[in-house]
Amino acid sequence: MSMTRVDVLVLGLGPAGACAATQAARQGCTVIGVDRKQVAGRPVQCAEFVPAMIGMDVADLQSSVRQHIASMTTFVEQDAPDIRENFPGHMLDRAAFDAHLVGQALASGAQCTLGVSARRITAQGVVILSDGRSIMPRVIIGADGPRSLAGRAIGQINTALVETRQITVPLHHAHEATDIFLSADIPGGYGWLFPKGDVANLGAGVDPASKHQLKSIVHRLHETLMARDQVGARILGLTGGLIPVGGLLQPWGRIAHTLVLLAGDAAGLTNPVTGAGISAAVHSGRLAGLAAAATTGGDLSAPQDYAEDYAEALNDIFGAALTRARQRRVTLAARRPGKEDLRQSWIAYPQYWTGAA
């Protein structure tokens, strides 16, 4: 088939990729975006909680919000729960959220195709798609998740990962808090209950070495909450996936004359402690789209300058938080944690924020 030349090719149309496509198209770039999912945001592989401040970055957010969150309740082993008031956020309908962002990209002029993935990237920077097309972009934006093909092509690979499992269950009583469960029996992660109207997302994440325990961990948590009459027995949905927990990668590289920018999970922007990544995906996607547009429309003799500016912006915004979270994670993994170790590793406690990062 003939070669298609384009300013920007976006791999992945989740929050990072859709926002990148929108920004690049708004700056006048020709943009193609592809995603292997047949329907935007489905299947959902996310706990669906976002902090309230994401509303500053996403217009018309309310159409995707299913419930507001007011506080966080943390359970450490069998101790009485600790409640952190004033922890505002939103529970999203993630599929609706992703569809909304893809709609914005389309409205901005990006050509977005679902059900199509990148098969390989050649040494000349040509991207071969699963539908047979060959694309020669000036900039590739890799927003294709923890195991990014774009990242692998430039030697930037997420090697530290967490495995997750989540079920959706009926919620028996109205609830406006995110519930967090910390235990030495959940190695390398934590359990959660996130309410979403009359249902709740109930799950856990663990180090890959403990993946074989994940199903039983979530099952025990489900039984505990059923015994409290907090949730029902029926499992309405099941999902899971990988979360990168190694911190920020070098978010750019080159393949021949093609610049590659990484955003969202592909860049390692997910918080290594909480697993939160939607806000970082949105913000980094927008920055990547702007950097791509600057590269294609600016001084073509200095594309590296725009890439380095992008990397510097990501580090300025996310670097300190990711470094602290990564250090807390490493410290926690050094031994079987006690209660105080667990508290020091979680954002709801002041000891998380004190001491060296």
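Two strands count as paired if DSSP finds at least two bridges between them. On that basis, this predicted model contains an open sheet of three strands, set in the order E3-E7-E4 with antiparallel pairing. The briefing below describes this sheet and then the second largest pocket, which holds about 400 Å³ of space.

**The three-stranded sheet**

- The order of the open sheet is E3-E7-E4, and its pairing is antiparallel.
- Strand E3, covering residues 49-51, and strand E4, covering residues 65-69, are the edge strands, as each of them pairs on one side only.
- From one strand to the next, the twist averages 30°.

**The pairing of E4 with E7**

- Strand E7 spans residues 89-92 and runs antiparallel to E4, to which it is joined by four bridges.
- Histidine 68 has histidine 90, in E7, as its bridge partner.

**The second largest pocket**

- The volume of the second largest pocket is about 400 Å³.
- The pocket is lined by 14 residues, of which Gln78, Phe181, Ser183, Leu221 and Thr224 are the closest to its centre.
- Two elements, strand E13 (177-182) and helix H4 (214-227), each supply at least two residues of the lining of this pocket.
- Helix H4 contributes four residues, the largest share of the lining.
- Sorted by class, the lining of the second largest pocket comprises six nonpolar, five charged and three polar residues.

Technical notes
Residues numbered from 1 in each chain as written. Predicted model: local features only at pLDDT ≥ 70, side-chain atom pairs only at ≥ 80, totals over all residues. Heavy atoms only, no water. 1 Å grid on protein atoms, 1.4 Å probe; cavity = no way out; pocket = protein on both sides within 12 Å on 5 of 7 lines; lining within 4 Å. Points joined across faces, edges and corners; volume = space filled by probe spheres on them. Nonpolar A, V, L, I, M, F, W, Y, C, P; charged D, E, K, R; others polar. Axes fitted to C-alpha atoms, helices over the stretch in contact; angles between N-to-C directions.
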